[in-house]
Amino acid sequence: MAIEGRNENLDRRIRLGMVGGGNDAFIGGVHRIASRIDDRFELVAGALSSTPEKARASGEALGLPRIYDDFKQMAIREARLKQGIEAVSIVTPNHMHYLAAREFLKRGIHVICDKPLTSTLSDAKKLVKAAEQSDALFVLTHNYTGYPMVRQAREMIANGDIGKIRVVQVEYPQDWLTVEQDFKQAEWRTDPARSGAGGSTGDIGTHAYNLACFVTGLTAESLAADIQAFVPGRQVDDNAHVMLRFDGGARGMLWCSQVAPGNENALRIRVYGETGGLEWAQEDPNYLWHTPFGEPKRLITRNGAGAGGAAERISRVPPGHPEGYLEGFANIYSEAAEAILAHRNNKTQPEEVIYPTVHDGLRGVQFVDACVRSSKRNAAWVKLDG
């Protein structure tokens, strides 16, 4: 498998820094694990917290060679070092993404940023401009695009295996915010000053929306959204029902909720075309169901019979051994490494390399903005471009 042959020598490693993601940050640990699964990155520097004391404590706990009090200091210093970082992973709360990314982009340091792109549409547009003006790459970690059977579904749709798309159904329910929570992850995700105007729409709705567009290759033109904050006093939405109109005439429905008891991370997509349908569920990620019209369902397994080249390229182990969340993140990091290596050597990145870009991130923030605007107008249809 291609991914197993990527670690030929240490010269292929990328020197990586991290902003945010201190000791008590879940997502920081996920990004660090993902960056090392294929041995493509070496974490050498970090500004891991918003306070100097916590930043230093976290950096020392990880054994980082270079620890910084803040991201601007880090960007300035690393850009001047002969062996400074080539890329930075930004895993802060949403409202800091633009400010941090801008500092590294303008100094030619590649950015790998957690989603959503930013907390506001204004910042998202400014970040797109900063990325376009920089020579550096921008990678957004919509990790579900890195699952092998998601790539399989995308490849089958592109090959016409289900015909012209008519209907897209995507959902992402969770239950962890069913009642008021006061721990760190819940606290900042329900604060509009840090998360943005969208709660569930920004946190998980952007994942569902990005997945629908990535798999189908379609672009949503307009939507009608009914969003709610069911928990008393909550300032951002915790549930949303969204109708979508795609280019080419396809229609879609998206449901995201963080107040759905019994659901953990139940991301699921179903796509129906003129000649068949596809169905994939994140909690059972190694299986893709394909149903040609008028025929029995067919189960395609990761690295099993019927799996195509797009899925095989990013699979690591034989069929029957589960791959999932961490490996999906790792695939995004390894795709980023291939692109950065090509950039380092002044070469064109391989055609098969796929990763979400700053423009995908902008579309995600436009989705949140449109949901909020639509809901304020009693679920009126609105354009996504704002």
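Is T178 buried, partly exposed or exposed?

The exercises below start from that residue. The model is predicted: local features need pLDDT of at least 70, side-chain atom pairs count only at pLDDT 80 or more, and totals for chains, interfaces and linings use all residues. Residues are numbered from 1 along each chain as its sequence is written, and side-chain values use heavy atoms, with hydrogens and water left out.

**Exercise 1. Describe the setting of T178.**

Step 1. Locate the residue. T178 sits in the loop between strand 7 and helix 7. Helices (H or I, at least four residues) and strands (E, at least two) are DSSP runs, numbered from the N terminus.

Step 2. Classify its exposure. Buried means under 20% relative accessible area, exposed over 50%, and partly exposed in between, with a 1.4 Å probe and protein chains only. T178 has a relative accessible area of 32%, so the residue is partly exposed.

Step 3. List its contacts, where contact means heavy atoms within 4.5 Å. Not counting residues up to four places away in sequence, T178 touches V231, Q258, V259, A260 and P261. From T178 to A260 the C-alpha to C-alpha distance is 6.8 Å, although 82 residues separate them in sequence.

Step 4. Look for a polar partner. A polar atom of the T178 side chain lies 2.7 Å from the backbone oxygen of D175.

**Exercise 2. Find what surrounds N239, and which side chains its own side chain meets.**

Step 1. N239 belongs to strand 9 (residues 239–246). Its relative accessible area is 5%, so N239 is buried.

Step 2. A polar contact is a pair of N or O atoms within 3.5 Å; within protein, one must be able to donate a hydrogen and the other to accept it, and residues adjacent in sequence count only if both atoms are side-chain atoms. The N239 side chain has such a contact with the side chain of Q228, at 2.7 Å. Another joins the side chain of N239 to that of H241, at 3.4 Å.

Step 3. Leaving aside neighbours within four places in sequence, the residues in contact with N239 include S200, D226, F230 and W255.

**Exercise 3. Characterise T201.**

Step 1. T201 is part of helix 9. With a relative accessible area of 0%, T201 is buried.

Step 2. Beyond neighbours within four places in sequence, T201 is in contact with T206, I227, D237, A240, C256, F367, V368 and C371.

Step 3. Compare sequence and space for one other residue. M74 is 127 residues from T201 in sequence and 32 Å away, C-alpha to C-alpha.

**Exercise 4. Examine the aromatic pairs.**

Step 1. Set the rule. Rings of Phe, Tyr and Trp (its six-membered ring) pair if their centres lie within 6.5 Å; planes under 30 degrees apart count as stacked, over 60 as edge-to-face and the rest as tilted. The count by this rule is 8 aromatic pairs.

Step 2. Take F41 and Y333. This pair is edge-to-face, with 5.4 Å centre to centre and 90° between the planes. F41 is in strand 2 (residues 41–47) and Y333 in helix 11, so the pair links distant parts of the chain, 292 residues apart. F41 is buried at 0% relative accessibility, and Y333 is buried at 1%.

Step 3. Take Y144 and Y172. Their rings are edge-to-face, 6.0 Å centre to centre with 80° between the planes. Y144 lies in the loop between strand 6 (138–140) and helix 6 (148–158), and Y172 in strand 7 (residues 165–173), so this pair ties together parts 28 residues apart in sequence. Both Y144 and Y172 are buried.

Step 4. Extend to a cluster. Ring pairs link Y144, Y147, Y172 and W280.

**Exercise 5. Describe the lining of the largest pocket.**

Step 1. On a 1 Å grid over the protein atoms alone, a pocket is an open set of points where a 1.4 Å probe fits, with protein on both sides within 12 Å along at least five of seven lines; lining residues have an atom within 4 Å of a point.

Step 2. The largest pocket has 34 lining residues, and G20, S49, S50, P93 and K184 lie nearest its centre. Strand 1 (14–20), helix 2 (52–62) and helix 7 (184–189) each give two or more residues to this lining. Helix 7 provides the largest share, 5 residues.
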